[in-house]
Amino acid sequence: CIWDFSASKSVDELVITGPNGSLRMAAMSPSLPIYVVDADGNTLQEITFETLQHAAQPLIQTVTDELRGITAKGFSPSRGNNSVRTSAVLDAALDLYYGGRQDAFWDRSSTWPGRLQSGKW
C-alpha cells in the first residue's frame, strides 16, 4: 500500500485484491464508481451510487464548535477512544501483511510477509 501525496503522477486508485479478482476504486474521490474485476483483469461489474452532499460536514462542524468552546449545539460524539479503537482494528487487520506495525514497518518493506507471499514488488 503506497500513499504518496507528492507523486510526480496523479493517480487516485485503491485496489483490493483477492484470489479470484479485485475491487478497483478511487481512494479520495467518493463519487467515482467501484469496479469488480476478475483474475484476468476483465471488468465484471461497475457499481455506481449517488454521493451524499457534505456527508461529513455535521460531524466536522460539531468537533470544530466544541474545540472553539461553542457548545450550544451539543458536544461532539467523536472522542479520542474512537480513534484508538479504530487504530487497533486497523493494526489487527494489517498485522499479517506487515508482520506487525509496532515499529517503523514502512522502513522494512522487504520483510513484509504479505508482500513476500504475493510475490509483488
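# Meet D38 and the salt bridges

Reader: Let's start with D38: which strand does it lie in?
Author: First, a heads-up: this model is predicted, so to speak a computed one, where local features need pLDDT of at least 70, side-chain atom pairs need pLDDT 80 or more, and totals for chains, interfaces and linings take in all residues. Numbering starts from 1 along each chain as its sequence is written, and side-chain values use heavy atoms, leaving out hydrogens and water. Strands (E, at least two residues) and helices (H or I, at least four) are DSSP runs numbered from the N terminus. D38 sits in the strand covering residues 34-38, and that one is β3.

Reader: Where is the nearest side chain of opposite charge to D38?
Author: Asp and Glu count as negative and Lys and Arg as positive, while His and the chain ends aren't counted. D38 is buried (under 20% relative accessible area; over 50% is exposed, and in between is partly exposed, with a 1.4 Å probe and protein chains only). D38 has no salt bridge (that needs a side-chain nitrogen of Lys or Arg within 4 Å of a carboxyl oxygen of Asp or Glu). The nearest side chain of opposite charge is 9.1 Å away, and it belongs to R24.

Reader: Which backbone nitrogen does the D38 side chain reach?
Author: Look just along the chain from D38. Its side chain comes to 2.9 Å from a backbone nitrogen, that of D40.

Reader: And which residues is D38 in contact with, leaving aside neighbours within four places in sequence?
Author: Contact means heavy atoms within 4.5 Å. With those sequence neighbours set aside, D38 is in contact with N20, G21 and L44.

Reader: R24 came up earlier. What is the bridge partner of V15 in β2?
Author: Strands count as paired if DSSP finds at least two bridges between them. Strand β1 (residues 14-18) and strand β2 (residues 21-25) have five, running in the antiparallel sense, and a hairpin of two residues joins them. On the β2 side, the partner of V15 is R24.

Reader: Which side chain does R24 meet in a salt bridge?
Author: The closest pair, N to O, is 3.3 Å apart. The two residues are eleven apart in sequence, with R24 in strand β2 and its partner in the segment before β1. R24 counts as partly exposed because its relative accessibility is 33%. The partner is E13.

Reader: How many salt bridges does the structure hold?
Author: Besides R24 with E13, R101 pairs with D91 at 2.7 Å. Those two are ten residues apart, with R101 in the loop between α2 (80-98) and α3 (113-118) and D91 in helix α2. Another joins R108 to D103 at 2.8 Å, N to O. The total is three.

Reader: Is R108 buried or partly exposed?
Author: Its salt-bridge partner, D103, is partly exposed because its relative accessibility is 35%. R108 has a relative accessibility of 18%, so R108 counts as buried.

Reader: What pattern does the protein follow along the sequence?
Author: The protein has three helices and four strands. Read along the sequence, they give β-β-β-β-α-α-α.

Reader: What share of the 121 residues counts as buried?
Author: D38 is one of the buried ones. Across the 121 residues, the share is 13%.

Notes:
Polar contact = N/O pair within 3.5 Å; in protein donor to acceptor, adjacent residues only side chain to side chain.
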